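Hi,

Here is the structure I said I would pass on. Have a look at it first, and then read my notes below.

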Amino acid sequence: MSATRTPPRAARRERLVGRLATLGPGLGYLTVFMLVPLALVLGYTLFHRGRFGGIVYEASADNYTRVADGLYLGVIWTSVKIAGITTLLALLLGYPTAYLIAQLPRAWRTVALVLVVLPFWTNFLIRTYAWIILLNSEGIINRALTGLGIIQRPLELLYTQGAVVGGLLYAYLPLMVLPLYSAIERLDPQLREASANLGARPARTFWSVTLPLTLPGALTGCVFVFVPSLGNFVIPELLGGGRTVMVGNLIRDQFLKARDWPFGSTLALIVIALLVLLLMAQAWAARRLTDGTDRA
Amino acid sequence: MLLFSSSRRAAGPAIIAAGLVLAMTACGGGGADGRAAGPDTLDPNADLSKQKLTVSNWDGYMPEDLPEKFKAAKGPTVTVTKHATNEEIMAKLTAGGDSHIDVAFVSGQFAQALNEQGLLEPIHADLVPNLKNLYPEAGQLAFDKGNKFSVPYTWGTTGLCYRTDLTGYTPDSWEDLLTPKPQLAKKVTMMATERWLMLPAEKSLGFSANTTDAKQLEQVKQKLLAAKKTLLAYDDTTFGDRLKSGEAALVEAWDGWCPTDDPKIKFVVPKEGSDLWVDTMVILKTSKNKEAAHAFINYILDADNHSWAADNILYKVPNAAAMAKVDAKVLETHPQLKMAPADLLKNEVPVDLGDAAPTYTRIATEVSAG
């Protein structure tokens, strides 16, 4: 051991310097760009808006009682619901996609993965506007369908909650496919062979071997989809036609329109709290799922 | 107000801030014209080439080459910063301390709110001789009668913009939007910004566009919730395109945004009346270049410069001399530009809602979430 050769104190100092050098930049970054803003958000929630906007520094818990109002809880519930449905659909669509990609020959896998992330090369807003052009009542799809005589009146494809879910699903599906792919791809093929050798049919192998072992990847994917869906405000506005309000819109409007930073901060803090709970649940579930496997 | 402006810089401690609020309430209407601290004494013969201006305006709201031309003509260097919304520039101007902005373009009710906070320099009329170009009506705007602290830059109204071939009749009422005929269901859009979201229902019910009465606002909310069922979308920006594509047949629109250059599209101010919105120019009290700021406003009010806004943004300008110079072709394709100032003034000027502002925000949220 090196500790026997160098004096212990010098070694400790060396180790400390080494740690600071490696951890310092990261910690500094987190402190400045995460802890301080979070502390500000937390601080603002205790004050209230002045008559002309701005912040009046009189401490009270008014913002919290205001959130408890049915209106805002309703918006949060709608957001959780929309994000939840989006996540579920993403899982149902993403799992088979990731599974199939993992079965492809190695060269084709890369091609498939590039295709999955390809949409990210185009600006998110432009892709969302493209949906409007496709789906609106005078859009390409409706025109084609009425032109072919399949429908008489244009379908109402836009400006509904369904359109919002569709837009979110489209935007975040790759975030489900990628972690799932990495979980499925990592799976030792011998485990499945063993299952088959022991007489399990493919369906049984899937339910008893593949699925449980890839669930942590699925959970990661779910978090990756749920979190940005919950906070999104562009899609409800563009594809929802402003007829659906999600908590992201509410927060944006409090900051940019109502100039009520304290209340906007309170809403933001509640969303953060929800997401922290979710991440804790995910970490706990992932640990439970991997416990008892022979990973150790 | 002196106490107010000097303590603004120490915005942190709770006690001072609380005192601030008291001071503001105490000043109330008394300090409302912002003169408590007294206007600066300005030198009409100041050497403008030594002054530098920072002007904050909406993108594309004045000619790109205006700063160069102004420098060539009058001397001061102008830096233009841009804001996307009134709220954005308000946040900058009210953050405390010196925003280093000399001249800002804001809507009338926001100019009023800035002035009530004592942040504006009164307009020194003697330094703005081109004020004579303005229509007399431009001095009768509810948020600032007599143009004491703001100079109107553009003004207009809000109405119905529609496709004659798709409506099949001539709409003339806010009810055409709120309770559309069956063939127009899901073919109408309203604006999402709260004052304009509320306007059609307020006017249709015969209320003021500035009402703060709780019972009236409840009726407005119910009407808007009912109207949501037949609405295609809330839209502040792309309603003109929706009309052109035929996705919408009838939309709530600002006069200057209604694409009447398309012969099938027409604009009408509903019979129940509408608003008279005004975008103004104001000079900040913190400005150290107030002579140049006045010269800048005066330069804008020059007929040739001011008519640019009507020709290019298609907004009316409250400047008689400038309106006389507007391109005849533009007037023909955009007849809304020809509305007489007296007719425009029959509509209601939005004023700052003060303590009722959060109520409007809440109703807007209830309607869009409902």
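**Where the chains meet**

Let me start with the contact between the two chains: 29 residues of chain B touch 27 residues of chain A. Keep in mind that this is a predicted model. On the chain B side, α2 (14–27), α4 (86–93), β6 (231–234) and α16 (357–369) each bring at least two residues to the surface that touches chain A. The biggest contributor there is α16(B), with six residues. Sorted by class, the side of chain B facing chain A holds 14 nonpolar, nine polar and six charged residues.

**Chain A overall**

Chain A is built from 12 helices and two strands. Read from the N terminus, its elements go α-β-β-α-α-α-α-α-α-α-α-α-α-α. The chain has a radius of gyration of 25 Å, whereas a compact globule of 296 residues would come out near 19 Å. Its C-alpha trace spans about 75 × 65 × 35 Å along the principal axes. As for burial, 31% of the 296 residues of chain A count as buried. If you take the contacts in chain A with a separation of 6 or more, 70% of them join residues 24 or more positions apart.

**Two helices in chain A**

I spent some time on α7 (residues 161–186) of chain A. Its 26 residues should span 38 Å at 1.5 Å a residue, and the end C-alpha atoms are 37 Å apart, so the two values agree. There is nevertheless a kink of about 45° in α7(A), at Y172(A), shortly before the proline P174(A). How much of α7(A) is buried? The count is 19 of its 26 residues, so the helix is largely enclosed by the rest of the structure.

The other one is α12 (residues 261–290) of chain A, which has 30 residues. From first C-alpha to last, α12(A) reaches 43 Å, close to the 44 Å expected at 1.5 Å a residue. Buried residues in α12(A) include W261(A), P262(A), F263(A) and G264(A). S265(A), T266(A), L267(A), A268(A) and V271(A) are buried in that helix too.

**One residue to click on**

Try L113(A), which sits in helix α4 (residues 106–117) of chain A. Is L113(A) buried or partly exposed? L113(A) has 19 other C-beta atoms within 10 Å, and being buried takes 20 or more, so L113(A) counts as partly exposed. Leaving out residues up to four places away in sequence, L113(A) touches I101(A) and Y181(A). P174(A), the proline by the kink in α7(A), is 61 residues from L113(A) along the chain, with 9.1 Å between their C-alpha atoms.

**The two domains of chain B**

Back to chain B. The domain assignment splits it into domain 1 (2–155 + 277–344) and domain 2 (156–276 + 351–369). Between them, 18 residues of domain 1 are in contact with 12 residues of domain 2. On the domain 1 side of chain B, α5 (108–116), β4 (151–163) and β9 (276–283) each supply at least two of the residues that touch domain 2. The largest share, three residues, comes from α5(B). By class, that side of domain 1 of chain B divides into 11 nonpolar, six polar and one charged.

Cheers

Methods. Residues numbered from 1 in each chain as written. Chains lettered and ligands numbered in written order. Predicted model: local features only at pLDDT ≥ 70, side-chain atom pairs only at ≥ 80, totals over all residues. Domains from an automatic or database assignment. Contact = placed C-beta atoms within 7 Å. Helix = DSSP H or I, 4+ residues; strand = E, 2+ residues; numbered from the N terminus. Nonpolar A, V, L, I, M, F, W, Y, C, P; charged D, E, K, R; others polar. Buried ≥ 20, exposed ≤ 12 C-beta atoms within 10 Å, placed from the backbone. Expected span 1.5 Å × (residues − 1). Bend = angle between axes of the 7 residues up to and from the residue. Rg over C-alpha atoms; globule rule 2.2 N^0.38 Å.
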